[in-house]
Amino acid sequence: MLRLATDARPDYDIIVAGGGMIGTSLAIALEPLGLSVAVIEPVARHDREQPSFDERSTALSRSSQRMFEAMGLWSEIVAGATPIRSIHVSEKGRFGFSHIDATEQQVEALGYVVINRVLGEVLNGTLSRLKNVEMLCPARISAVAAEQAGDTAVVQLESDQGTRRLECRLLVAADGAKSAVRDMLGISARTSDYGQQAVIGNVMPEIAPDNRAFERFTADGPVAMLPIADNRAAFVWILSADRARSVMELDDALFTDALQQAFGFRLGSFSRVGQRAVYPLALTRANSLTGRRGVLVGNAAHGLHPVAAQGFNLGLRDVAALCDCLLDAMLEAAPDRADPGSPELLQSYASWRQADHSKVVRFTDGLVRLFGDQRGPLRFMRNAGMLGFDLIPGVRSLFARHTMGLAGRLPRLSRGVPLR
Ligand SMILES: Cc1cc2nc3c(=O)[nH]c(=O)nc-3n(C[C@H](O)[C@H](O)[C@H](O)COP(=O)(O)OP(=O)(O)OC[C@H]3O[C@@H](n4cnc5c(N)ncnc54)[C@H](O)[C@@H]3O)c2cc1C
């Protein structure tokens, strides 16, 4: 068992467990605060098995765009991203549909689609140039000191070089929905399996997507089509676990036919399907966002269904809020006196983030349930709702503001304000 050495100075101000999409974003966002940071990641950066920076496409919301602008990364990210100028939502075989348009919302784009691997190149490239951030990779946290006292957290690090003990003022768990560090901090989580899987990949549609994104709800589950480079479309196709397994076994031609049937011909015929991958889907929510000298961000705090493309965007708002709390503490006390892991700071982070988490969980979980239920009255409400939703611009604007991540109290970075 690890023991706290009371006489030693901490090795780092902040240790971030997890160098995926959220952990690397956090380490970069922290840079202007001048804190010493270590990122601990078990999978080598360019490993094909890297679970965060894989071939999935992520729709970045407007608040995420603003955040990357404030961090000075947007020009690099947008060079490899595709803008979404409209979103079309429909249900297979029904009359209702909804349409959200960037012009109507008076924005240049509703969001941008980026391949996770491409985003990873920008984030990891930036990280390797930062002087106050150390990347410990491949390495993993195997224990957090159980009986702690004083003003540090102690972790046990396992790597090829053996076992080391590291001390920090704040330990951030950014190690995904199955977070082991969350457990080590003594924070429980509730998980409910949707019994569904997301099949992802990309196709060449006959009609160029032309910056249009589509979401189509079918009896099997929703299919999203996102515009990506070279006039291709990235799909996220949600199916029951059994059906996902069986479509994954189809050869490319039969798979393309099945996808076409689910999505329809709004983009003409599909051809040249790329490599496919499958992700089991569950809703995970931590029962607390903080432990002693520890805090949760990203999927470690909330693993969502991808139906509304909110998970990463929500996690980035965690990052922005945590940075705000740290900066505020530094502005109140002398910077070298501020304690990044103080109970007051962690409490202000937790109470700020709860409302946004609850709202996004309710929204995504509600969508899964609303469109998954085939009973007559709900089908009617869905169609009436989608028609009404399209006819009432105020409702549509509110929905668009939520999906763009612009509703509620926003931290500095999410408003596009640099930290220094
Ligand atoms: C099919 C699909 C499509 C999606 N599309 C969108 C979208 O369009 N828009 C959107 O906003 N979100 C989307 N999401 C959600 C988004 O991918 C996640 O919210 C995001 O990846 C969370 O990032 P994370 O860094 O918190 O966790 P992860 O991506 O899970 O990364 C966790 C990292 O921690 C590392 N790790 C694991 N164990 C340890 C340990 N013990 N110690 C240290 N490190 C560890 C892992 O190797 C990994 O690098 C989608 C999700 C899926 C499944």
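A residue counts as buried when its relative accessible area is under 20%, as exposed when that area is over 50%, and as partly exposed in between, with a 1.4 Å probe and protein chains only. The model on your screen is predicted, so local features are reported only at pLDDT of at least 70 and side-chain atom pairs only at pLDDT 80 or more, while totals for chains, interfaces and linings use all residues. Residues are numbered from 1 along each chain as its sequence is written, and side-chain values use heavy atoms, without hydrogens or water.

Begin with the whole chain in cartoon view, where the protein shows 11 helices and 20 strands; these are DSSP runs numbered from the N terminus, helices being H or I with at least four residues and strands E with at least two. Of its 420 residues, 56% count as buried. If a contact is taken as heavy atoms within 4.5 Å, residues 24 or more positions apart account for 74% of the contacts with a separation of 6 or more.

Next, select residues 62–70, which form helix H2; because 7 of these 9 residues are buried, the helix is largely enclosed by the rest of the structure. Among the buried ones are Arg62, Gln65, Met67 and Phe68. Show the surroundings too, since the partners against which the buried residues of H2 pack include helix H1 (21–30), strand E7 (111–115) and helix H8 (311–332). After H2 comes glycine 72, with a positive phi near 75 degrees.

Now turn to the aromatic rings, of which a search of the whole structure finds 5 pairs. Rings of Phe, Tyr and Trp (its six-membered ring) pair if their centres lie within 6.5 Å, and planes under 30 degrees apart count as stacked, over 60 as edge-to-face and the rest as tilted. Select tryptophan 74 and tyrosine 112, whose ring centres are 5.0 Å apart with planes at 80 degrees, so the pair is edge-to-face. This pair links helix H3 to strand E7 across 38 residues of the chain. Tryptophan 74 is buried at 9% relative accessibility, and tyrosine 112 is buried at 5%.

Move on to tryptophan 237 and phenylalanine 255, an edge-to-face pair with 5.7 Å centre to centre and 65 degrees between the planes. Tryptophan 237 lies in strand E15 (residues 233–240) and phenylalanine 255 in helix H7 (residues 252–263), and both residues are buried.

Keep phenylalanine 255 in view and add arginine 276, whose charged end sits over that ring, 4.2 Å from its centre; the criterion is NZ of Lys or CZ of Arg within 6 Å of the ring centre and within 35 degrees of the ring normal. Finish with Phe214, Phe263 and Phe270, which ring pairs link into a cluster.
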